[in-house]
Amino acid sequence: MPLLSGGSLNLLHVNPGLVIWTVVTFVVVLTVLWRFAWKPIIKGLDARNLRVEEDLQSSRDLREEAEKLLAEYENRLESAKAEAIELIDEGKKDAEANRARILTEAQEEVGKIKERTEKDIERAKLKALDELEKTTVNLAVELLSKIMKKDVSSSEHKEIIVKELEALKKSKV
Amino acid sequence: MVPVLTSESFNVVEVIVHHLQDMPLWRLEIGGIDLSITKRVMMMWIGSFFLLLIFIPIARRISKDPYKKPSRFSGMMEVFINFIRKDVGEASMGHYSKHYDPFLLTLFFFILIANLIGLIPPLGEVFLTFGELTGLVHHEAGAAGEIPFLVKLWPGITSTGDVGVTAALAGISFLVIQIAGFAHQGIAYIKNIVPNGIPGPMWIIMWPIEVFGQFTKPFALAIRLLANMTAGHMIILVFMGFIFQFQSYFVVPVSILASTAIYMLELFVAFLQAYIFVFLTALFVAGAQHRH
């Protein structure tokens, strides 16, 4: 089938010599490249791929490990924080309790002292009253005997006055 | 003497034939078969030489230390190699592909380099023509019809633009496909050519069709590559031919722009066709490996 009239180009004309040369050349190139190029190249590329994959895997593992460690440390930190807060709380509570205890103790002490003082005062008052009473009776007896110029037996008068005073006291109360 | 081209003396067909037609460079005949070293054989050898020159040093480097960062060029080649292995071989054959990797790689780069160096014009011819035009080179006073050695050194033809070459490559693919079929399925491959689940009577019709199909697949491979590698060259030559045909300077920029565009397309097609050839071969091999 001549494609171009006027020329002699026949695209579908098969030249057997060319076929033979092509097959020979291709087989030679295939053999040589197979042995000296493709084998080592494929081996090298596969080795590199394997290495890359391993590196990726190991980096993934490392990352995972690091993340785990980080999480662990974070946990620890968290728990330490919680512990510290707890300790502080405890201290605060203790201090509070101590304060309350000391306060109550002090208040109790104060109360006791006050009571004792009151009692002392009471006693002193009673004593003073007693003494005042005695002195008053004596004074009255002296005065009375001076007024009556008569020596009344002091015991008799005393009795009367004490009685009167008792009555007075009762009426007062 | 500067040859003067006139529209009468210029024949675009002759030019195209001159550039696309194979021609013996060294005559050789063994056992009655014409085994002349033709332009295409020469270009095929140059391409093969380049392949060895490119890949053997890369292999040396990579086997010395596979973990070293590859150079820019070998890195690019590795991308191609990985592409053929993963996206062509493994994608179609799965884990069986590794036995076919060297074949697929050789096929791909063999076609690719042939396509690519076919895009470089015949350097010897260009040099001699320019030399003669400028008077710097005197035409060798060789025997009449003798092709100058410089021209022989780089005939500048696309070896994959010849049906002989593409048919030979497709034939090799055919063999590999059939060998893969028998290697994976044994003798049952002959029977299993017919897809599974075909009822008995249909089988009688289907089997010859499928057997015929085994031959049409590589035939299509051969024709596809041939047509693609020829058409672009032809268009470029026709565009350039316009200049001489019309004898007008106004045609020059149009022709140059158009042929540059086609040249760029050809560059792409060179890669595309090498890929398609190998990809389809891998698919056919995968198809022969397992019953459908």
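Okay, let's start where the two chains meet: the contact takes 36 residues from chain A and 46 residues from chain B. On the side of chain A that touches chain B, those residues divide into 25 nonpolar, eight polar and three charged. Keep in mind that what you're looking at is a predicted model. Its scores are ipTM 0.91 and pTM 0.76.

Let me take the chains in turn, beginning with A. In terms of secondary structure, chain A has two helices and zero strands. Now look at the outline. Along its principal axes, the C-alpha trace of chain A spans about 195 × 40 × 20 Å. Put another way, a compact globule of 173 residues would have a radius of gyration near 16 Å, whereas chain A comes out at 64 Å. And how much of chain A is buried? Just 9% of its 173 residues count as buried.

On to chain B. Here we have ten helices and four strands. Reading from the N terminus, the order is α-β-β-β-β-α-α-α-α-α-α-α-α-α, so to speak a helix, then the four strands, then helices to the end. The C-alpha trace of chain B spans about 75 × 55 × 45 Å along its principal axes. Of the 292 residues in chain B, 35% are buried. As for contacts, take the ones in chain B with a separation of 6 or more: residues 24 or more positions apart account for 72% of them.

A word on confidence in chain B. The average pLDDT is 88, and 94% of the residues score at least 70. Which elements of chain B sit at the two ends of the scale? Helix α1, residues 12–20 of chain B, has the lowest mean pLDDT, at 81, and α4(B) has the highest, at 95.

Let's stay with α4(B) for a moment. This helix has 17 residues and reaches 24 Å from its first C-alpha to its last, close to the 24 Å expected at 1.5 Å a residue. Is α4(B) mostly enclosed or mostly open? Well, 14 of its 17 residues are buried, so the helix is largely enclosed by the rest of the structure.

That brings us to the inside. The largest nonpolar core holds 61 residues, and the ones touching the most other members are Leu104(B), Phe108(B), Phe110(B), Ile111(B), Val278(B) and Val285(B). Who contributes? Two or more residues each come from α1 (16–148) of chain A, along with α2 (39–64), α3 (72–93), α4 (101–117), α7 (163–185), α9 (200–246) and α10 (251–289) of chain B. Apart from that core lies another one, of five residues, including Phe239(B), Met240(B), Ile243(B) and Ile262(B).

If you want one residue to click on, try Phe110(B). Leaving aside its neighbours within four places in sequence, Phe110(B) is in contact with Phe26(A), Val29(A) and Leu51(B).

Now a few individual spots in chain B. Trp45(B) sits in helix α2 of chain B. With 16 C-beta neighbours inside 10 Å, Trp45(B) counts as partly exposed. Trp45(B) and Ala114(B) are 69 residues apart in sequence, and their C-alpha atoms are 9.3 Å apart in space.

Then there's Gln214(B), in helix α9 of chain B. It has 17 other C-beta atoms within 10 Å, so Gln214(B) is partly exposed. Gln214(B) and Phe174(B) are 40 residues apart in sequence and 7.8 Å apart in space, C-alpha to C-alpha.

Moving along, the loop between α9 and α10 of chain B contains Gln247(B). What's odd about the backbone there? Gln247(B) has a positive phi of about 50° although it is not a glycine. Why does Gln247(B) count as exposed? Because it has 12 C-beta neighbours inside 10 Å, and a residue with 12 or fewer is classed that way.

Last stop, Pro199(B), in the loop between α8 (189–192) and α9 of chain B. Pro199(B) is exposed, since there are 7 other C-beta atoms within 10 Å. How far is Pro199(B) from Leu112(B)? They are 87 residues apart in sequence and 43 Å apart in space, C-alpha to C-alpha.

Methods. Residues are numbered from 1 along each chain as its sequence is written. Chains are lettered from A and ligands numbered from 1 in the order in which they are written. This is a predicted model: local features need pLDDT of at least 70, side-chain atom pairs count only at pLDDT 80 or more; totals for chains, interfaces and linings use all residues. A nonpolar core is a set of buried Ala, Val, Leu, Ile, Met, Phe, Trp, Tyr and Cys residues joined through C-beta atoms within 7 Å. A residue is buried if 20 or more other C-beta atoms lie within 10 Å of its own, exposed if 12 or fewer, and partly exposed in between; C-beta atoms are placed from the backbone. Two residues are in contact if their C-beta atoms, placed from the backbone, lie within 7 Å. pLDDT is the predictor's confidence in each residue, from 0 to 100. Ala, Val, Leu, Ile, Met, Phe, Trp, Tyr, Cys and Pro count as nonpolar, Asp, Glu, Lys and Arg as charged, and the others, Gly among them, as polar. The expected span of a helix is 1.5 Å times one less than its number of residues. The radius of gyration is taken over C-alpha atoms; the globule rule is 2.2 Å times the number of residues to the power 0.38.
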